[in-house]
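This briefing covers the nonpolar packing and one helix of the structure shown below.

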Amino acid sequence: GEFCYVLTSRQMGKSSLLMRTISAGMELGKSVALLDFQLVDEDGKAHADLFFRRFASWVAEQLNLPDSVETFWNAGYSSPQNCTRYVEQRILEPLGGPCILAIDETDAIFQTTFSQDFFSMLRSWHNRRADPTRRSWKKLDIILSTSTEPQFFIDRPHESPFNVGVTLRLDDFQPEEVGRLRIRP
């Protein structure tokens with residue numbers, strides 16, 4: 001259960017680094033759910049419950065698991081609670097092995113009305129790893145990539161996933177680094 005956050009400007013290699021990290025994880029036998037938040041449409045950005053339902057379905061689909069969001073969702077719980085319950089009971093427990101949840105372009109939802117709830121939910125997933133009764137969370141690696149500084153949009157830093165785990169800040173490459181990268185496969 002690792003948490004990694006990649007921050008750099010646009011067109012600096014975040015997605016490439018994300019793909020290489022995913023490939024390395026797959027070589028270790030990890031399942032992968034790769035989500036690109038550029039694909040979240042305006043309806044998804046405008047309606048929290050719709051976003052959380054679609055997010056849970058999307059993760060299940062990426063991991064080739066059945067999508068039972070519509071029958072699982074309980075109106076008595078908040079969207080983050082439903083999503084957390086769904087990921088634990090319908091994704092992590094049945095999956096069995098370790099997996100990577102990689103989210104590219106997370107900044108696409110920074111200005112939504114529910115971004116605080118979403119990122120707080122991810123932080124709670126990180127915190128669940130410390131609970132010995134919730135072993136399934138220990139097998140979930142989360143990688144977020146963004147080109148926007150999240151602290152400008154996160155009002156509750158103690159609930160932010162961007163201040164835990166490993167932060168990779170990519171700086172501009174030096175000419176010799178570019179030369180080495182150009183010859184790599």
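Which residues form a nonpolar patch on the surface? Phe 173, Val 178 and Leu 181 form this patch, with about 230 Å² of accessible area together. The model is predicted, so local features need pLDDT of at least 70 and side-chain atom pairs pLDDT 80 or more, while totals for chains, interfaces and linings use all residues. Residues are numbered from 1 along each chain as its sequence is written, and side-chain values use heavy atoms, leaving out hydrogens and water.

**Surface patch**
- Patch members have over 30% relative accessible area and no salt bridge (side-chain nitrogen of Lys or Arg within 4 Å of a carboxyl oxygen of Asp or Glu), and nonpolar side chains are joined within 5 Å.
- Areas follow the Shrake-Rupley method with a 1.4 Å probe.
- Phe 173 lies in the loop between β5 (166-169) and α7 (175-183).
- At a relative accessible area of 40%, Phe 173 is partly exposed (between buried, under 20%, and exposed, over 50%).

**Nonpolar cores**
- The largest core (buried nonpolar residues joined through side-chain atoms within 4.5 Å) has 38 residues, and among those touching the most other members are Phe 37, Phe 118 and Trp 125.
- Helix α3 supplies the largest share of this core, 7 residues.
- A second, separate core of 7 residues includes Leu 18, Ile 22, Ile 100 and Ala 102.

**Helix α6**
- Helices are DSSP runs of H or I with at least four residues, and strands are E runs of at least two.
- The buried residues of α6 include Phe 118, Phe 119 and Trp 125.
- Beyond neighbours within four places in sequence, Phe 118 is in contact (heavy atoms within 4.5 Å) with Phe 37, Phe 51, Phe 52, Phe 55, Ile 103 and Ile 109.

Methods
Buried < 20%, exposed > 50% of the residue type's maximum accessible area, 1.4 Å probe, protein only. Patch = residues over 30% accessible without salt bridge, like charges linked within 9 Å, V, L, I, M, F, W, Y side chains within 5 Å.
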